[in-house]
Amino acid sequence: ITYFGMKEYDRAQIYHAEALESLRQELGDDHVDVAFCWHSLGVVHQELCDQVEAFKCFQNAVSIERTELYLQSLGMCLVQMDENENAYVCLDEALRMKTLDCGNDADDDLAEIQRNLGIIWMRKKRFDESLRCFEEALKIKMQMPLCGESEKDHRNLMNCLDGALEAVSEIFGTQHMKYARLLHQKGNFHGAKKEHSHAIEAYVETLKIYKSQHGDSHLSVANTLFNLGVSLNAKGSPDKAIRCFIKALRITKARLGEDHLDVADTYEQVAESNKLLLSYNDAKIYYEKALHVRKQATGASDLKSAAIMHELGKIHSQEGLWENAERAFKESVRIRTMQLGQDDHLVAESMYNLGLVYKSRGDSAKALKYLEGSLRTIKSKLASADPQLADNFHSLGGVHSSLGNIDKSVFCYDKAVQIYTEVYGKQNDNVALSLAGKGEILCSGEQFREALSCFSECLDIRKSIDGPIPAKESGDVLSQMGEIYSKLGDGTNASLSFASALTTYRQIFGTKHQTVADVL
């Protein structure tokens with residue numbers, strides 16, 4: 001069982017077979033534990049794609065004890081072997097037993113029995129029966145809390161949809177609304193699994209059907225255009241996405257009015273597209289429009305409004321509009337705290353960004369308050385080696401440095417380096433930045449030898465990750481090393497460091513630049 005969990009199926013097969021022989025000798029061939037072991041061995045053979053051996057094992061299990069699980073496994077194995085009549089007998093009996101056992105409760109085994117019965121009816125060209133089974137399987141799977149989460153569950157879910165689509169096409173044709181709805185649903189599931197190319201393909205085909213059946217101005221067309229736009233954004237085609245959203249917006253406004261929440265959602269997605277295109281002014285305009293509609297509909301105290309405020313805060317921060325950023329992040333913190341409580345990771349996210357705003361404005365006391373508040377929350381929510389934790393420690397290192405808290409700053413930078421290294425490896429820009437930050441605070445405390453060690457380590461990393469033209473940060477580190485060597489009275493190494501910094505800056509800025517002049 002352990003080897004099966006590790007997906008080492010060859011080893012699992014060996015030990016299950018040995019266990020089976022031991023149990024048969026100890027308990028006899030007809031004991032229920034022997035049946036269980038036969039079944040377990042059959043499951044292993046299925047994973048090894050040996051349906052014949054799996055069939056023998058499941059058949060032996062059923063001959064000892066006729067349970068719904070063993071009948072289900074035998075029936076599904078027979079489906080794989082195209083033994084439809086015998087498969088139907090097993091699965092029909094398993095279905096009756098399972099229905100008596102759990103009724104209409106969401107149960108994946110029940111869904112899988114229905115799915116395999118759908119396959120059998122499809123092969124018999126009983127398309128009505130096949131569709132009924134596939135739809136029942138889909139209905140059950142959709143009720144399950146982790147629908148389609150694992151790869152196996154997602155594959156089975158897609159198989160259900162494909163089976164239902166095939167049955168509908170045989171009964172009604174591929175231009176029927178039922179076919180379009182299933183295809184739309186398939187696109188949604190592909191999108192949820194980040195299979196955006198497949199999602200786009202499904203939405204484009206759905207769009208053609210809806211347009212042919214309802215015309216260009218139906219809400220079904222708007223909904224499909226919206227989902228197509230979301231997938232295009234995710235696929236990195238925001239220009240195409242915007243065209244979809246604008247068309248969807250025109251239909252939605254005409255059908256539902258200017259102040260409907262669907263209009264707000266579409267405005268928000270147009271803003272996302274513009275953000276991806278780096279058109280920040282347009283992004284702000286559409287985020288503001290989305291907020292206006294949400295305010296009319298909900299009072300703008302819902303989580304989506306908070307998310308929009310958060311995004312606006314990030315754009316204002318990028319533009320250096322710190323007062324606007326502060327207002328946006330404060331409102332996001334307020335709404336998220338009201339809706340989710342103080343200890344939610346989304347509250348921590350907005351608090352972190354608010355702390356960065358205060359850090360950029362030089363208000364270190366407030367920056368410390370919000371960054372430490374954010375850290376307290378995410379430490380309890382995230383794994384010990386999560387990059388968000390490292391980001392928070394790095395920012396706190398900078399704030400403590402501004403406040404002159406040398407020991408606390410060094411501690412935070414060390415934590416950031418440790419986590420970044422664990423997540424990304426040593427040769428990473430984030431590791432280099434945290435080492436440089438640590439070097440700066442050590443230098444301010446006149447711990448020059450320790451600072452040099454940090455800057456040297458940082459420089460080694462930068463050399464390994466910089467391209468043909470070194471990054472400005474490499475020049476900054478060399479310049480800082482030159483200053484330290486000067487303070488230590490080491491003129492030779494100071495000159496070498498400044499000369500290397502000069503070469504780096506000239507490659508980046510040319511010869512006539514203030515930074516070059518400063519080094520000279």
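How far apart in helix α14 are Glu-272 and Lys-275, in residues and in helical turns? They sit three residues apart in that helix, which spans residues 261-276, so about one helical turn separates them. Keep in mind as you read that this is a predicted model. The tour below goes through charged pairs, aromatic rings, surface patches and two backbone angles.

**Salt bridges**

- Side chains of opposite charge can pair when their charged atoms come close.
- In this structure, the count of salt bridges comes to 35.
- The two residues from the opening question make one of them: Glu-272 and Lys-275 are joined by a salt bridge whose closest N and O atoms are 3.7 Å apart.
- Another salt bridge connects Arg-361 with Glu-326, and here the closest N and O atoms are 2.3 Å apart.
- That pair links distant parts of the chain, 35 residues apart: Arg-361 belongs to the loop between α18 (345-360) and α19 (364-381), while Glu-326 belongs to helix α17 (residues 322-340).
- Are these two partners buried or partly exposed? Arg-361 has 39% relative accessibility and counts as partly exposed, whereas Glu-326 is buried at a relative accessible area of 13%.
- Some salt bridges share partners, and in this way Glu-68, Lys-98, Asp-107 and Asp-109 are joined into one network.
- Asp-82 and Arg-123 also meet through their side chains in a salt bridge, with 3.2 Å from N to O.
- Asp-82 is in the loop between α5 (68-80) and α6 (84-102) and Arg-123 is in helix α7 (residues 108-123), so this salt bridge ties together parts that are 41 residues apart in sequence.
- Both ends of this pair are partly exposed: Asp-82 has a relative accessible area of 47%, and Arg-123 has one of 37%.

**Aromatic pairs**

- A pair of aromatic rings is described by two things, the distance of the centres and the angle of the planes.
- How many aromatic pairs does the structure hold? There are nine of them.
- One pair is Phe-393 with Phe-411: their ring centres are 6.4 Å apart and their planes meet at 80°, so the pair is edge-to-face. The cut-off behind that label is a plane angle over 60 degrees.
- Phe-393 comes from helix α20 (residues 387-402) and Phe-411 from helix α21 (residues 406-424), so the two rings tie together parts that are 18 residues apart in sequence.
- Phe-393 counts as buried because its relative accessibility is 6%, while Phe-411, at 48%, counts as partly exposed.
- Phe-411 can also serve as a marker for distance across the model: its C-alpha atom is separated by 58 Å from that of Ala-54, a residue 357 positions away along the chain.

**Surface patches**

- Which residues form the positive surface patch described here? The members are Lys-211, Lys-240, Arg-243, Lys-247 and Arg-250.
- Helix α13 (residues 238-256) gives the largest share of this positive patch, with four residues.
- Lys-247 is found in helix α13, and Lys-247 is partly exposed, with a relative accessible area of 41%.
- There is a nonpolar surface patch too, made by Ile-469, Ile-508 and Phe-509 and covering about 240 Å².
- Within the nonpolar patch, Ile-469 comes from the loop between α23 (448-465) and α24 (472-487). At 54% relative accessibility, Ile-469 counts as exposed.

**Backbone angles to look up**

- Most residues other than glycine have a negative phi.
- Lys-7 is not a glycine, yet its phi is positive, at about 65°.
- Lys-7 is in the loop between α1 (2-5) and α2 (9-27), and Lys-7 is exposed, with a relative accessible area of 62%.
- Lys-194 also has a positive phi, near 65°, in a residue other than glycine.
- You can find Lys-194 in the loop between α10 (177-192) and α11 (196-214), where Lys-194 counts as exposed at 64% relative accessibility.

Notes
Residues numbered from 1 in each chain as written. Predicted model: local features only at pLDDT ≥ 70, side-chain atom pairs only at ≥ 80, totals over all residues. Heavy atoms only, no water. Patch = residues over 30% accessible without salt bridge, like charges linked within 9 Å, V, L, I, M, F, W, Y side chains within 5 Å. Areas by Shrake-Rupley, 256 points an atom, 1.4 Å probe, with all protein chains shown as cover. Salt bridge = Lys/Arg side-chain N within 4 Å of Asp/Glu carboxyl O. Lys, Arg positive; Asp, Glu negative; His and termini not counted. Charge placed at Lys NZ, Arg CZ, Asp CG, Glu CD. Helix = DSSP H or I, 4+ residues; strand = E, 2+ residues; numbered from the N terminus. Buried < 20%, exposed > 50% of the residue type's maximum accessible area, 1.4 Å probe, protein only. Phe/Tyr/Trp six-rings, centres within 6.5 Å; stacked < 30°, edge-to-face > 60°.
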